[in-house]
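Got your viewer open? Let's take a walk through this model, one selection at a time.

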Amino acid sequence: MPFSPDTRHRRIFLKRLRILWFLTIILFLILTARIGQWTLFRRRDYRKLARNNFIHPQCLSAPRGKIFSRDGKPLAVNRMTFSIWISPFRVKRDELHRTVSFLGHHLGRDFSRQEREALTLRPRWRGKIIARNLPIEKVAPILERQFELPGLRVHPDFKRFYPAGSTCAHVIGYLGCISRAEIHGYLKRGYSRDDLVGIGGIERWYEDLLKGTPGREVVQRDARGRYCKTLETQPAIPGQDLYLSLDLDFQKFALNALNERLGVVVVMNPQNGQILALVSSPSYDPNHPAVTTNPTRPISFLNKAIQENYSPASTFKLITAMAGLDSGISPAQKYFCDGYYYLPNWKKPFKCDLVTGHGWLDLRGAIQYSCNIYFYKSVRRIGVLALLQKALEFDYGFPTGIDLPYEVAGSLPLISADSLTPGEVLHLAIGQGMLAVTPLQVLCSYCAFANGGNFVQPHLLLYQKDAERRRKYFTPKTRFIHIKAGNRRAVLEGLIAVVNTPGGTAYKAGFPKEWKVAGKTGTAERASKKTDAWFACFAPYDAPEVAVLVLLESGGFGGRNAAPLAREILKYYFLNRDRLKRR
Ligand SMILES: [Zn+2]
């Protein structure tokens with residue numbers, strides 16, 4: 001019986017299925033054998049390979065933003081240097097010792113036994129910086145041999161350099177290691193323990209703008225920690241450049257004009273709050289903050305313009321005068337000065353500077369001659385609260401808000417106002433006693449008066465410029481206090497007379513009339529029987545565009561010593577007016 005077509009097809013199908021099975025089994029056997037070979041025979045080779053190479057992410061430091069003066073002169077820049085690190089991760093201890101010995105020898109540095117041990121025993125993943133700020137000449141020989149030195153890492157870095165040296169030290173500040181007290185705060189913000197941060201001045205205040213964003217590099221290294229290749233690079237973003245309102249030449253001029261005397265000079269534009277010069281003497285070299293060139297003058301990191309408390313002396317009579325007028329004393333009201341003022345049941349009389357007395361004086365005369373008796377009598381009439389309220393209105397007792405760190409607020413005796421003795425109240429009226437101010441507070445109160453009551457936040461930053469060269473201008477805060485036009489005019493006449501009328505306490509300083517200067521002197525008694533000399537002024541008085549504050553510590557008299565210095569400063573201003581007004 002012949003095969004039916006169905007049976008024949010079935011046979012062919014089964015035959016093919018058998019062939020397929022056969023092929024599958026052979027393939028499977030080949031695969032199994034191959035896997036077996038890999039796992040059994042080459043296992044060691046692969047494990048070795050995996051151990052030998054590891055990837056190592058590391059941080060790339062961002063170039064810090066630069067700082068420039070208003071006319072683009074560099075005040076803080078970066079110089080390329082190198083730092084050397086020891087990274088013990090996966091490096092044998094004896095090899096690490098060898099690397100450390102080589103570096104010690106090459107850098108001329110003796111590592112003690114303990115130091116070596118500490119370097120090799122650190123947590124294995126954490127590197128330790130052992131030298132920074134090295135120039136390329138010093139690093140080149142080390143770089144040449146880096147492949148023989150396990151655990152060595154050389155990082156390009158940026159060292160901060162301050163071309164103007166001590167001229168702007170208190171304004172710019174400098175960089176330093178993070179203090180123990182602040183380390184936790186910085187670590188939370190993504191810093192590492194070895195980072196340098198702004199210690200004072202603009203460097204500290206604008207740390208967040210200046211620092212930039214660090215980049216990241218992933219590097220492949222071999223078992224001995226030696227560099228193999230870079231796997232991934234994410235470049236660092238540089239910090240923002242800052243342009244300040246400060247004029248470097250003016251700043252230099254002001255520092256030279258102080259001529260080693262201790263004190264403060266601040267120049268400000270009252271209309272926009274821009275600081276043109278701010279000098280606090282003695283200064284220091286921010287490139288070598290701990291080094292003094294003159295052993296007789298200790299280094300002072302203190303910016304006296306904002307961090308030191310002083311008695312404002314007669315410069316405070318601006319406030320006493322405004323308080324008197326607002327409390328109803330007429331500018332034409334006259335008080336008699338015979339050189340002394342007697343409080344009932346008070347042992348000693350209170351004196352005027354002119355012991356023979358000024359005779360009858362109205363407000364203008366009282367300011368012009370800086371008569372104490374007039375202001376004693378007016379504060380007795382208005383009471384201490386009216387005086388303190390006026391001082392508060394003019395922002396005494398509060399920081400001015402300048403963009404610098406560590407500004408102090410000064411102090412007013414507000415809590416104890418009710419318990420002040422009549423003698424203490426008289427002292428307050430002439431800016432002595434229980435009153436503490438900073439020189440910048442005094443200047444700001446004169447600027448606000450010059451502006452007709454408009455307080456503009458004093459500031460140093462003009463604008464910031466990011467990596468794409470976009471500018472962002474600083475906008476100062478403003479606050480307005482109401483000053484009656486008539487009262488302002490009355491006080492202003494006194495301030496003009498101080499400078500421009502014979503007998504005025506600053507008349508002999510010789511301010512040219514065409515400058516239209518209005519100002520006030522002050523001479524504050526110190527515990528040492530020496531006196532601080534003050535002069536605060538602004539010009540031109542009909543459209544004020546510049547205000548100057550001079551304070552000479554133990555510097556004699558306001559009229560005789562501080563005012564002539566302010567005249568030199570104003571002379572410089574008017575000679576360079578076009579440049580200084582340009583933004
Ligand atoms: Zn007097």
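Over how many bridges do β3 and strand β5 pair? Select residues 74-86 for β3 and residues 152-161 for β5: they pair over ten bridges, in the antiparallel sense. Strands here are DSSP runs (E, at least two residues), helices are DSSP runs too (H or I, at least four), and both are numbered from the N terminus. Two strands pair if DSSP finds at least two bridges between them.

Before you click on: this is a predicted model, where local features need pLDDT of at least 70 and side-chain atom pairs count only at pLDDT 80 or more, while totals for chains, interfaces and linings use all residues. Residues are numbered from 1 along each chain as its sequence is written.

**Stop 1: around β3**

Stay with β3 and pick Val-77, which stands opposite Phe-161 in β5. Now add strand β4 (residues 128-134), which runs antiparallel to β3 and is joined to it by four bridges. Here, Ile-86 stands opposite Lys-128. Next, add β2 (residues 67-68), which pairs with β3 over two bridges, again antiparallel. β2 and β3 form a hairpin with five residues between them, and Gly-72 in the turn has a positive phi of about 85°.

**Stop 2: the five-stranded sheet**

Jump to an open sheet of five strands in the order β12-β11-β23-β22-β21, with antiparallel pairing. Colour β12 (275-281) and β21 (518-525): they stand at the edges with a single partner strand each, so one side of each is left without a neighbour in the sheet. Then zoom in on β22 (residues 531-539) and β23 (residues 546-552), which pair over seven bridges. Ala-533 has Leu-552 in β23 as its bridge partner.

Now show the helices lying across these strands. Helix α10 (residues 248-258) lies across β11 and β12, at about 35° to β12. Helix α19 (residues 558-575) lies across β11, β21, β22 and β23, running at about 35° to β22. For these angles, axes are lines fitted to C-alpha atoms (for helices, over the stretch in contact), and angles run from 0 to 180 degrees between N-to-C directions.

**Stop 3: two packed helices**

Select helix α12 (residues 317-326) and helix α15 (residues 384-393), which pack at an angle of about 115° with their axes 9 Å apart. Among the α12 residues in the contact are Ile-319 and Met-322, and among those from α15 are Leu-387 and Lys-390. Contact means that the C-beta atoms of two residues, placed from the backbone, lie within 7 Å.

Is α12 largely enclosed or left open? Nine of its ten residues are buried, so α12 is largely enclosed by the rest of the structure. A residue is buried if 20 or more other C-beta atoms lie within 10 Å of its own, exposed if 12 or fewer, and partly exposed in between, with C-beta atoms placed from the backbone. Just after α12, look for Gly-328, with a positive phi of about 105°.

**Stop 4: the cores**

Finally, try the largest nonpolar core, with 127 residues; Ala-254 and Ile-569 are among those that touch the most other members. A nonpolar core is a set of buried Ala, Val, Leu, Ile, Met, Phe, Trp, Tyr and Cys residues joined through C-beta atoms within 7 Å. Helix α17 (residues 439-450) gives this core its largest share, nine residues. Apart from it lies another core of eleven residues, including Phe-82 and Ile-86.
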